[in-house]
Amino acid sequence: MSADAVIRLRGLRNAFGPAVVHDDLDLDILRGEVLGVVGGSGTGKSVLLRTIAGLRRPQGGSIEIFGQDALALNDDDRRTLDRRMGVMFQDGALFSALTVRENVEVPMRGVPGLARDVRRSLADLKIALSGLPWAAGDKYPSELSGGMRKRAGLARALALDPEVVFLDEPTAGLDPIGATAFDELIKGLSRTLGLTVFLVTHDLDTLHATCDRIAVLAEKRVLVTGTMAEMLKVDHPWVHEYFHGPRARAAQDTAGQTGEEG
Ligand SMILES: Nc1ncnc2c1ncn2[C@@H]1O[C@H](COP(=O)(O)OP(=O)(O)OP(=O)(O)O)[C@@H](O)[C@H]1O
């Protein structure tokens, strides 16, 4: 199974001064999967995302991405690698002084030989792909709803046709209908584009609706990985409470109903 890993973490260590966040953390992210990362508050889900995406250098361990040692690349090779990955932050992290289209064009500016009108057309395509109306391209982030800003953030993450996308709590702050629509968007994009998705979430409905596998962060490492069915059998106290608590039951019921309807 791990032969298909596009990202392989071994012995990863992250610390802020004396505070150790990850210690001896191992994880494989498989080609084409949607991997949901869960864990209690402060267990280091966002730090893990930032570390894999190259936004933070770990204190130890190895990160292999597309078969390359990501921590040993020179600047040019790192830039090439970064173009194969897209990141969507929780609030979209858009530039407020730029329109949505200009925001989506930002990552394209580093691509040599890409004419301005081609860039614009590509940005419009990503905006449409992210489920935003055509007119959204000319709007500023402050003119959009929270859900639309997230979609704009997703459009920017998709700007360079990445093979892997990192999503930090994509449904946080969305109403249930907006969250369900976003879940469907992620699942649809993963299927149609063959994207590998690394998704940090607290949202049990998202885990049911979109994730092929789940990784649980606890005790400074990835405690367990597996399908939802496998998670239900884990008897670690936090994992059991998380997947069997009242919210988990409600999400299971919803997923069951959706499955019956589908
Ligand atoms: N830049 C930083 N400087 C110091 N400590 C940090 C920094 N970034 C994160 N931390 C610490 O690392 C730990 C993990 O943070 P992280 O944001 O990854 O947690 P999380 O699992 O994503 O939490 P949540 O679910 O609440 O968003 C926390 O204790 C946090 O305070």
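Trainee: Which helix gives the most to the shell around the ligand?

Mentor: This is a predicted model, in which local features need pLDDT of at least 70, side-chain atom pairs count only at pLDDT 80 or more, and totals for chains, interfaces and linings use all residues. Residues are numbered from 1 along each chain as its sequence is written. The residues around the ligand, meaning those whose C-beta atom, placed from the backbone, lies within 6 Å of it, include G44, K45, S46 and V47. With helices taken as DSSP runs of H or I with at least four residues, numbered from the N terminus, the most, three residues, comes from helix α1 (residues 45-52).

Trainee: How many residues of that shell are charged?

Mentor: Asp, Glu, Lys and Arg count as charged, Ala, Val, Leu, Ile, Met, Phe, Trp, Tyr, Cys and Pro as nonpolar, and the others, Gly among them, as polar. The shell around the ligand holds three nonpolar and six polar residues, and the number charged is one.

Trainee: Which residue in β4 stands opposite R13?

Mentor: Strands are DSSP runs of E with at least two residues, and two of them pair if DSSP finds at least two bridges between them. Strand β1 (residues 5-16) and strand β4 (residues 60-65) run antiparallel and are joined by five bridges. Opposite R13 stands G60.

Trainee: In the hairpin of β4 and β5, which residue takes a positive phi?

Mentor: Two bridges join β4 to the antiparallel strand β5 (residues 68-69), and E64 has D69 as its bridge partner there. Two residues lie between the strands of this hairpin, and the one with a positive phi near 50° is F66.
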